[in-house]
Each structure stands twice: as C-alpha cells, then as structure tokens.
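Biologist: Hi! I'm new to this one and would love a tour. Could you walk me through it?

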Amino acid sequence: MRRWRLNRSRASSSTLVPVDATFTIDDEISQLTKLQSGPCTSNLKALRSCRRMPIPTTTMLLAREANYSGQGRFSSADCSHVLGRYLPVNSPSQIDRMNSEAYVSQFSVDGSLLVAGFQGSRIRIYNVDNGWKVQKDINAQSLRWTITDTALSPDQRHLVYSSLTPLVHIVNVRTGMTDSQANITEIHEHLDFSVDGDRDSFNIFSIKFSTDGRELVAGGSDDSIYVYDLEANKLAMRLIAHTDDVNTVSFADETGHVMFSGSDDNLCKVWDRRCFAATGKPAGFLEGHLEGITFIDSRGDGHYFISNSKDQTTKLWDIRRMSSTTKSRTPRTYYDWDYRWMDYPAEARNQKHPCDRSVATYRGHSVLRTLIRCYFSPTHSTGQKYIYTGSFDKCVYIYDVVTGAIVAKLAWHNDAIRDCSWHPYYPVLVSSSWDHVVTRWEFPGSPADSAAQRKTSQRRHFV
C-alpha cells in the first residue's frame with residue numbers, strides 16, 4: 001500500500017526552517033472562538049463587577065433569572081460558557097469490548113446513536129438514550145483488513161461502511177432486527193466505486209454523505225475523489241485529485257458546495273463542487289504539512305478546518321489563505337522513517353515548512369501506524385473552543401484552540417486510539433482503541449463520584 005511507503009529524503013530547492021517555539025494564531029479565529037464560548041455582551045455588561053473568567057455558573061444562573069440578557073434565557077454563547085468548562089475527563093466506563101481492534105467511533109448528529117466499527121467485520125450501533133444498548137449489530141461483508149470508515153445518512157436511516165476495496169455497503173438501520181448479517185438476515189446493498197469493474201483496483205479510506213443525503217463522496221488509494229449518485233445508483237464522477245492516496249474528505253459547511261481533501265502528498269486541497277466537474281481543478285491549495293494528511297474536520301463555517309498529519313501535528317487552516325498553485329516538490333528532509341513501525345524522528349519535530357499557510361499548529365500527540373482522527377469540540381456545549389484528537393501513545397488529547405495548550409490528556413487505554421467523538425450536547429466523550437475497547441469519558445462531577453475520587457481523577461487526567 002502506497003500510504004505506508006518508506007518516506008525517503010527528497011531533493012528540492014526549498015529547505016525547512018526551525019519551528020517557532022511560541023504559539024501564534026490569527027486574531028479573527030481567536031475572536032470568533034471567544035464570541036462563541038463567552039457570555040453574551042449584555043450579560044458581560046451587567047456582570048462587569050465580576051472579574052473572574054470564566055464567570056461562575058451560579059453567577060450566570062442568577063443573571064439568567066434576573067434576565068440581564070433581555071432574552072429570558074441563555075444564548076448559545078452563554079450555554080457554551082457554562083458547559084465548556086466541564087470537560088469529559090473522568091475515568092472511563094467500558095461501553096463494549098470486542099475481539100478485534102476498534103477503528104471508528106462516532107456519535108450521530110443529534111447524539112442519540114453511537115456507531116463503532118471494528119477490524120473483525122463488526123459494526124455496532126448503540127442507542128445512547130437507552131442505556132447504550134446495542135440497537136444494531138452489523139456483520140460486514142467484503143471486508144479487507146478492517147472497516148476504514150462509516151457514515152450515517154442525514155436522516156439517520158442508513159449507514160454506509162467502507163473497507164480496503166472499491167465496494168461500499170449500505171444498510172438500513174431503522175429495521176426492527178438487531179442482528180444484521182450481510183445478505184443473510186438483511187440486505188447489505190453494495191455500491192461499486194470502481195470505474196472499470198476491477199474490484200482490486202483501489203481502497204476507500206474516507207466516505208461522507210452529502211448534506212441532502214443523495215450522494216456519497218469518498219477518497220481512495222488511487223489518488224482520487226469519487227462521487228456516487230444514490231438516487232441513480234451509479235458512480236457519478238471520479239476526479240484525480242492528488243498525487244498520492246486521498247485519506248480524508250470533508251464538507252466545508254451545510255451547503256455541501258465546498259469540500260476539503262487531504263492526501264499522502266502532504267497537501268490539503270479545497271474543491272468547489274459547482275465547478276470542479278467542469279474544470280477538474282481545485283479551488284486552491286494549502287501547504288504546511290511535511291508528511292501525509294490522515295484526517296480533516298471542518299469547523300462548519302465555510303472558512304476554517306483542521307487536519308491531522310503524519311508529521312505529528314494538527315494544523316488549523318483558513319481557506320482564504322489558500323493559493324492557486326503549489327510547489328512541485330516537498331522541502332528537503334534529512335531522515336528516513338517508516339510510518340508503519342518507526343517512531344517519528346525527534347529532529348524532524350523541530351522543522352517547519354517554509355511556505356506554511358496554516359493559521360496555527362498544535363503539538364503533543366502522535367500520529368503513527370493508522371489514520372488517526374482529530375475534531376473540533378461541539379458548538380452547543382463548548383463553542384468549538386477545543387480541538388481533540390486520538391493518539392498512538394494511547395491517549396486522547398484536548399487542546400485549547402486559542403492558546404494551543406493541552407488542557408487535558410485522557411490516559412486509560414492500552415493501545416493506540418484511532419478515533420474519538422464528543423457528544424454534541426453533553427460532556428461525554430467516546431474513544432475507540434486498538435485494545436479492542438470502546439469507552440466513555442464523562443465530567444468528573446458525576447453523582448457517583450466521591451470528592452476524593454474526583455480529586456484523584458483530575459490529578460490523573462489534567463495536564
């Protein structure tokens with residue numbers, strides 16, 4: 001597989017520059033984050049005597065009772081200000097343990113369901129509102145090595161899953177049957193993404209539903225982005241998008257017009273669906289990573305997104321910084337390493353791309369062996385003031401977007417954490433690990449905890 005190739009020294013006229021030890025970020029994203037995660041202006045004015053930030057929850061509740069905001073309720077920013085301090089860092093409780101590595105764990109948009117995908121042909125959907133009971137136990141077909149990705153349709157009626165093959169399968173998750181054996185107890189319709197019918201031609205690493213649920217967009221090992229028309233039940237488009245494996249695709253916002261892609265060619269690209277069918281060209285390029293991109297998550301505002309990379313960083317990007325062209329070669333590196341089994345060279349961590357267009361860079365976690373994922377924290381409960389990511393060192397890292405500081409490091413698993421998901425409304429985070437376990441992290445102040453247990457938990461998991 002080319003995404004696991006040996007990364008060798010590459011010659012180029014450009015050279016790497018030393019990493020700046022100080023964390024920097026644009027004023028605009030800093031202000032946007034503060035507006036989303038801080039009290040509304042009217043509350044701030046009314047509580048100007050309170051100099052403590054964040055403002056205590058009791059004070060915020062008193063302000064709501066006094067209707068200082070004039071709305072008779074908390075604004076979305078007020079909710080984020082109150083909830084954003086309650087990080088899900090409590091010692092986790094086990095949701096499930098299987099007999100193979102857990103690769104995927106994702107909440108549905110409304111948080112009512114959790115989808116977990118395992119290497120051993122299993123996908124389980126848990127009903128969060130019903131005590132995390134298994135609602136659907138899916139035995140996947142045409143599996144090669146592992147489940148690479150899953151996606152729920154916008155109406156949460158169908159699930160698609162991909163593997164190291166051009167075939168994607170779709171399952172109706174609203175049937176009354178819990179046990180879903182492929183084409184035995186239920187039909188798992190296959191969607192063929194291959195252009196010429198060659199089912200050994202490439203692998204699919206990432207798959208997403210369009211916002212209207214009518215199409216699927218996928219990234220593959222043949223350097224391409226695919227669009228599948230679900231209504232016509234056929235492949236609508238193949239676009240050769242990169243010069244190496246496309247590991248991740250994501251939509252910029254709810255309109256579905258703009259997409260992001262990340263590849264082992266070290267580039268993030270921006271695509272406008274309204275014109276790329278005709279031009280076959282991206283709207284722009286974003287350079288800055290020194291190694292392949294493993295995952296991309298959009299902030300949902302059409303401007304900002306983050307990416308995880310094999311260069312052991314998460315970067316924040318603003319598409320208004322993108323360029324129309326890119327350098328033909330990667331900057332010179334002076335080390336050999338193999339992503340599959342070697343640690344990232346220590347000297348490489350102190351190097352930076354000379355044409356880095358990112359807004360900010362977050363360091364501390366490790367991205368090795370697998371396509372580890374990163375995300376913005378939820379809008380409703382945190383105002384997207386955090387970035388969180390799995391890590392090969394068996395931890396979940398939570399970064400402050402504005403300061404770049406590691407505000408929490410969740411340590412419990414015994415192996416790499418490929419995926420994690422923060423509940424859209426509650427201080428609950430789920431992590432899935434190669435130790436075969438899917439676990440749930442919660443805020444320390446749960447009723448079941450004693451004061452001593454909470455204190456111990458905070459000492460253990462806060463950095």
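Modeller: Happy to, starting with some vocabulary: Ala, Val, Leu, Ile, Met, Phe, Trp, Tyr, Cys and Pro count as nonpolar, Asp, Glu, Lys and Arg as charged, and the others, Gly among them, as polar. This is a predicted model, where local features need pLDDT of at least 70, side-chain atom pairs count only at pLDDT 80 or more, and totals for chains, interfaces and linings use all residues. Residues are numbered from 1 along each chain as its sequence is written, and side-chain values use heavy atoms, with hydrogens and water left out.

Biologist: Thanks! How much space lies in the largest pocket?

Modeller: About 1,500 Å³. On a 1 Å grid over the protein atoms alone, a pocket is an open set of points with protein on both sides within 12 Å along at least five of seven lines, while a cavity is a set where a 1.4 Å probe fits but cannot get out; lining residues have an atom within 4 Å of a point. Grid points are joined across faces, edges and corners, and a volume is the space filled by probe spheres set on the points.

Biologist: And which residues lie nearest the centre of that pocket?

Modeller: Gln106, Phe107, Ser108, Val109 and Asp297, out of 42 lining residues. Elements that give two or more residues to this lining include strand E4 (102-107), strand E13 (204-209), E17, helix H6 (379-382) and strand E31 (417-422). Helices (H or I, at least four residues) and strands (E, at least two) are DSSP runs, numbered from the N terminus.

Biologist: What's the mix by class in the pocket lining?

Modeller: It has 19 nonpolar, 15 polar and eight charged residues.

Biologist: How many cavities of 30 Å³ or more are there?

Modeller: Five. The largest cavity has a volume of about 80 Å³. Its lining has 13 residues, with Leu290, Asp311, Thr313, Gln351 and Arg363 nearest the centre. Strand E23 (313-318) and strand E25 (351-352) are the elements that give two or more residues to that lining.

Biologist: And by class, for that cavity lining?

Modeller: Three nonpolar, four polar and six charged residues.

Biologist: Changing topic: you mentioned E17. Which strands share an open sheet with E17?

Modeller: The order is E17-E18-E19-E20, four strands with antiparallel pairing. E17 and strand E20 (284-286) stand at the edges, each with a single partner strand, so one side of each is left without a neighbour in the sheet. Neighbouring strands there are turned by 25 degrees against each other on average, direction ignored. For that angle, axes are lines fitted to C-alpha atoms, for helices over the stretch in contact, and angles run from 0 to 180 degrees between N-to-C directions. Two strands pair if DSSP finds at least two bridges between them.

Biologist: Is E18 buried or exposed?

Modeller: Six of the six residues of strand E18 (residues 258-263) are buried, so E18 is largely enclosed by the rest of the structure. Buried means under 20% relative accessible area, exposed over 50%, partly exposed in between (1.4 Å probe, protein chains only). Val258, Phe260 and Gly262 are on one side, and Met259, Ser261 and Ser263 on the other.

Biologist: What joins E18 to the strands beside it?

Modeller: Five bridges join strand E17 (residues 246-251) to E18, with Val249 opposite Ser261. E18 also pairs with strand E19 (residues 268-272) over five bridges, where Phe260 has Val270 as its bridge partner. Both pairs are hairpins: E17 and E18 have six residues between them, and Gly256 in the turn has a positive phi of about 80 degrees. E18 and E19 have four residues between them, with Asn266 in the turn at a positive phi of about 80 degrees.

Biologist: And the later strand E32, buried or exposed?

Modeller: Six of the six residues of strand E32 (residues 428-433) are buried, so E32 is largely enclosed too. E31 and E32 run antiparallel, joined by five bridges, and Cys420 has Ser431 as its bridge partner in E32. On to strand E33 (residues 437-442), E32 pairs in the antiparallel sense over five bridges, and Val428 stands opposite Glu442.

Biologist: Last one: what does the side chain of Ser80 reach?

Modeller: The backbone nitrogen of Gly383, at 3.2 Å. Ser80 is in helix H4 (residues 76-83) and is buried, with a relative accessible area of 2%. A polar contact is a pair of N or O atoms within 3.5 Å; within protein, one must be able to donate a hydrogen and the other to accept it, and residues adjacent in sequence count only if both atoms are side-chain atoms.
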